[in-house]
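Hello,

Here is the structure I promised to pass on to you. Have a look at it first, and then read on for what turned up in it.

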Amino acid sequence: MEGRKPLAKVEGRRRMRLSGVTVAYRGTPNLDDWVAYIANGSRSKKLILADHASERKVKGLLTRLQTLSRKEIEKLAKG
């Protein structure tokens, strides 16, 4: 008897054009466990943009962040 196949995880990084900020994201398709965070921020405080979100929300957020400045993106993030 074979076990179930583990769910595939998706990871990625996207560099925002205007601000130069790199945003990393990861999650599982069809589950609301996606997270997006600023990858090139300071090590001591991880700036989380979205947590326990759907894939659609994270991808929409990444699109909106393309036109924002670094200051505006950090303001959106939860410390």
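A good place to start is T28. Apart from its neighbours within four places in sequence, this residue is in contact with L7, A8, K9, D33 and W34. With K9 there is also a polar contact of 3.2 Å between the two side chains. Is T28 buried or exposed? Its relative accessibility is 2%, and because buried means under 20%, T28 counts as buried. As for its place in the chain, T28 sits in the loop between strand 2 and strand 3.

Please keep in mind that this is a predicted model.

Now for the wider layout. The protein has two helices and four strands, and along the sequence they follow the pattern β-β-β-β-α-α. The C-alpha trace spans about 55 × 25 × 15 Å along its principal axes.

Strand 2, which covers residues 22-27, is a helpful landmark. Five of its six residues are buried, so strand 2 is largely enclosed by the rest of the structure. What does strand 2 pair with? On one hand there is strand 1 (residues 10-15), paired with strand 2 in the antiparallel sense over six bridges. On the other there is strand 3 (residues 34-38), which pairs with strand 2 over four bridges, again in the antiparallel sense.

V23 is handy for following both pairings by eye. In strand 2, V23 stands opposite R14, and V23 also stands opposite I38 in strand 3.

The two hairpins are worth a look as well. The hairpin of strand 1 and strand 2 has six residues between the strands, and G20 takes a positive phi near 80° there. In the hairpin of strand 2 and strand 3, six residues also lie between the strands, and N30 is found with a positive phi near 70°.

Finally, some totals for the protein. It has 79 residues, of which 35% count as buried. Its accessible surface comes to about 6000 Å², with 49% of that belonging to carbon and sulfur atoms. Among contacts with a separation of 6 or more, 36% are between residues 24 or more positions apart. On the charge side, there are 19 positive and 8 negative side chains, and the centres of these two sets lie 7 Å apart.

Enjoy exploring it!

Best wishes

Notes. Residues are numbered from 1 along each chain as its sequence is written. Side-chain values use heavy atoms; hydrogens and water are left out. Buried means under 20% relative accessible area, exposed over 50%, partly exposed in between (1.4 Å probe, protein chains only). Contact means heavy atoms within 4.5 Å. Accessible areas come from the Shrake-Rupley method with a 1.4 Å probe; for residues, only the protein chains shown count as cover. Lys and Arg count as positive and Asp and Glu as negative; His and the chain ends are not counted. The place of a charge is taken as NZ of Lys, CZ of Arg, CG of Asp or CD of Glu. Two strands pair if DSSP finds at least two bridges between them. A polar contact is a pair of N or O atoms within 3.5 Å; within protein, one must be able to donate a hydrogen and the other to accept it, and residues adjacent in sequence count only if both atoms are side-chain atoms.
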